[in-house]
Amino acid sequence: MPKFDAIVIGTGQAGPPLARRLVAAGRKVAVIERKHFGGTCVNTGCTPTKALVASAYAAHTARRHADYGVTIVGPIAVDMKAVKARKDSIVAPSRNGVERSLKSLEGCTVYQGHGRFVAPNAVKVGETVLEAPQIFINVGGRASVPAMPGLDQVPYLTNSSMMDVDFLPKHLVVVGGSYIGLEFAQAYRRFGSKVTVIEMAPRLIAREDEDVSMGVADVLDAEGIELRLNATCMTVEKHAEGVAVNVDCTEGAPQVIGSHLLLAVGRRPNTDDLGLDKAGVATDARGFITVDDQLRTNVPGIFALGDCNGRGAFTHTAWNDFEIVAANLLDGGERRVADRIAAYALYTDPPLGRCGMSETEVRKSGRPALIATMPMEDVSRAFEKGETNGFMKILVDKETKQFLGAALFGLNGDEIVHTILDQMYAKAPYTVMARAVHIHPTVTELLPTMLQELRELE
Ligand SMILES: Cc1cc2nc3c(=O)[nH]c(=O)nc-3n(C[C@H](O)[C@H](O)[C@H](O)COP(=O)(O)OP(=O)(O)OC[C@H]3O[C@@H](n4cnc5c(N)ncnc54)[C@H](O)[C@@H]3O)c2cc1C
């Protein structure tokens, strides 16, 4: 039975850097990976989807050539095999880099196969049982497949199988109008597919403020994506053209017929076949591993990091989990998940950059607050670039003057949001930024202007 100081299960965003830190601290480490090194983000999540979004943006901009005084002679076509090849060429170095770096790491032994607990301090891979006093679970998640009547009778795609698509679906039906579904929807529409998004809720990305949902819906609608909301009762069946989705929407036809079906209705943790019962590790009702604020499970020596702990669903939160655990175990730190400020982006075009509380959450909190909004049409840089869709919204605590949150749906919103996020980490009053002199012409230059126009949130 090989004995180690630590075992890392899964090579997502937290496992590999933690393995490196542990080895650097002189620990003997085993890393277990059952499929692709680098996990979801590298192979079927962030990296490939943003590569696809970039190809889609190029196609969209090419079609807008006349807006910029550019002449393109002949039709604009998208070569889906080349789009996929580009995406693969971006994914491969990242995946290979993670694999190579772990396999060449002295003090680290890599096991390829499915890891499963057989005891609180032992994990079995193939026929080998590994033992260690510390075990770090970084097994991530996968696409949820809902119990939708008829789904077992029709072929469907998820974010993972979408990675093999090297053709143009005639009509892509996306079930799920949230972050993952909308990125694919806009990209494939721009590649040339007819696209319908079916969403159970009355609006897209329903956890965002209503004006944000509406702004995103308007952009997608203007690009010809059909949106079917309030689809409370969905069933699917085979159809001569591919698949038929029966929807019980308040508006529109009762059936959506498409060539391909993409399920984007959420994620579930990869904890169901991990032998957690053999280790006594507790999960919540949805299978997320229960952790404390320092990512310790209920079993001493076992930690859970990344999407599988339900405390975050992003690469940056998984990475931060690594930083918290490494700092606390190796550097005598006292870092906590509670110190993290919520931040994320939706990579439609334009993107949505979000940090902190939404307007709805601020209102619910009942605290006195100030708000400023600005349409992107008023931003000269956006105007110059011909990309004026969207708006920006900032919320500030009236008493402390500190930022509460922001929603920046517009050109470079995914980048600009960090100027506010950093002020939030600094706990700086908004007046610091309000008096800063930002560079012209940028989108960020308008943030001080917005802050000078804060008004009461009524
Ligand atoms: C389509 C899509 C787009 C996304 N876009 C973004 C984005 O733009 N920005 C962002 O921040 N986040 C994005 N995410 C989320 C992001 O990918 C995840 O939050 C991130 O990968 C963190 O995951 P993780 O470290 O928890 O584990 P993962 O990356 O999921 O990796 C887990 C690893 O564990 C392995 N594993 C699982 N079980 C076992 C086992 N029993 N034995 C051995 N190995 C095992 C898996 O094979 C996998 O390699 C996206 C997700 C999707 C699906």
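Contact here means that heavy atoms lie within 4.5 Å. In this sense, and leaving aside its neighbours within four places in sequence, Phe136 of the predicted model is in contact with Ala6, Ile7, Val8, Ile9, Leu18, Leu22, Phe303, Leu305, Val325 and Leu329. Phe136 is also one of the residues that, together with Ile7, Ile9, Phe117 and Ile137, touch the most other members of the largest nonpolar core, which comprises 48 residues. Helix H8, spanning residues 315-330, supplies the largest share of this core, namely 5 residues. Another core, of 35 residues, lies apart from the largest one and has Met162, Val197, Leu204 and Tyr344 among its members.

The packing of helix H8 was examined next. Helix H1, formed by residues 15-24, packs against H8 with the two axes 9 Å apart and at an angle of about 20 degrees. Because angles under 35 degrees count as roughly parallel, H1 is described as roughly parallel to H8, and the crossing in which H1 passes H8 is right-handed. On the H1 side, the residues that meet H8 are Pro17, Leu18, Arg21 and Leu22, and their counterparts in H8 are Trp319, Phe322, Val325, Ala326 and Leu330.

Leu18, which lies in helix H1, offers a view of this packing at the level of a single residue. With a relative accessible area of 1%, Leu18 is buried, since the limit for a buried residue is under 20%. Beyond its neighbours within four places in sequence, Leu18 is in contact with Phe136, Leu305, Phe322, Val325 and Ala326. The separation in sequence between Leu18 and Asp321 amounts to 303 residues, whereas their C-alpha atoms are 9.6 Å apart in space. A further residue of helix H8 is Asn320, which is likewise buried, with a relative accessible area of 12%. Asn320 is in contact with Arg335 and Arg340 when its neighbours within four places in sequence are left aside.

A second helix pair is formed by H3, covering residues 46-63, and H4, covering residues 80-103, the axes of which come within 9 Å and cross at roughly 140 degrees. The two helices are therefore oblique to each other, and H3 passes H4 in a right-handed crossing. The contact between them involves Thr47, Pro48, Ala51, Leu52, Ala54 and Ser55 on the side of H3, and Val83, Arg86, Lys87, Ile90 and Val91 on the side of H4.

Turning to the strands, an open sheet of 3 strands is arranged in the order S4-S5-S6 with antiparallel pairing. Strand S4, at residues 115-119, and strand S6, at residues 128-131, occupy the edges of the sheet, and each has a single partner strand, so that one side of each is left without a neighbour in the sheet. On average, and with direction ignored, neighbouring strands of this sheet are turned by 35 degrees against each other. The antiparallel pairing of S4 with strand S5, which consists of residues 122-125, rests on 4 bridges. Within this pairing, Phe117 has Val123 in S5 as its bridge partner; Phe117 is also among the residues that touch the most other members of the largest nonpolar core.

Further antiparallel pairing is found around strand S19, which comprises residues 352-356 and is mostly covered, with 5 of its 5 residues buried. Strand S18, at residues 343-346, pairs with S19 in the antiparallel sense over 4 bridges, and a hairpin joins S18 to S19 through 5 residues. Tyr344, a member of the core of 35 residues, has Arg354 in S19 as its bridge partner. S19 is in addition joined by 5 bridges to strand S22, which spans residues 403-409 and runs antiparallel to it. In this second pairing, Gly356 stands opposite Gly405 of S22.

Ala244 was considered as a single position in strand S13, the strand at residues 242-247. At 0% relative accessibility, Ala244 counts as buried. Not counting residues up to four places away in sequence, Ala244 touches Thr235, Val236, Glu237, His239, Gln255, Val256 and Ile257. Ala244 and Asp79, by comparison, are 165 residues apart in sequence, and the distance between their C-alpha atoms is 27 Å.

Methods
Residues are numbered from 1 along each chain as its sequence is written. This is a predicted model: local features need pLDDT of at least 70, side-chain atom pairs count only at pLDDT 80 or more; totals for chains, interfaces and linings use all residues. Side-chain values use heavy atoms; hydrogens and water are left out. A nonpolar core is a set of buried Ala, Val, Leu, Ile, Met, Phe, Trp, Tyr and Cys residues joined through side-chain atoms within 4.5 Å. Buried means under 20% relative accessible area, exposed over 50%, partly exposed in between (1.4 Å probe, protein chains only). Two strands pair if DSSP finds at least two bridges between them. Axes are lines fitted to C-alpha atoms, for helices over the stretch in contact, and angles run from 0 to 180 degrees between N-to-C directions. Angles under 35 degrees count as roughly parallel, over 145 as roughly antiparallel, 65 to 115 as roughly perpendicular and the rest as oblique. A crossing is left-handed if the near helix is turned anticlockwise from the far one by less than a right angle, and right-handed if clockwise.
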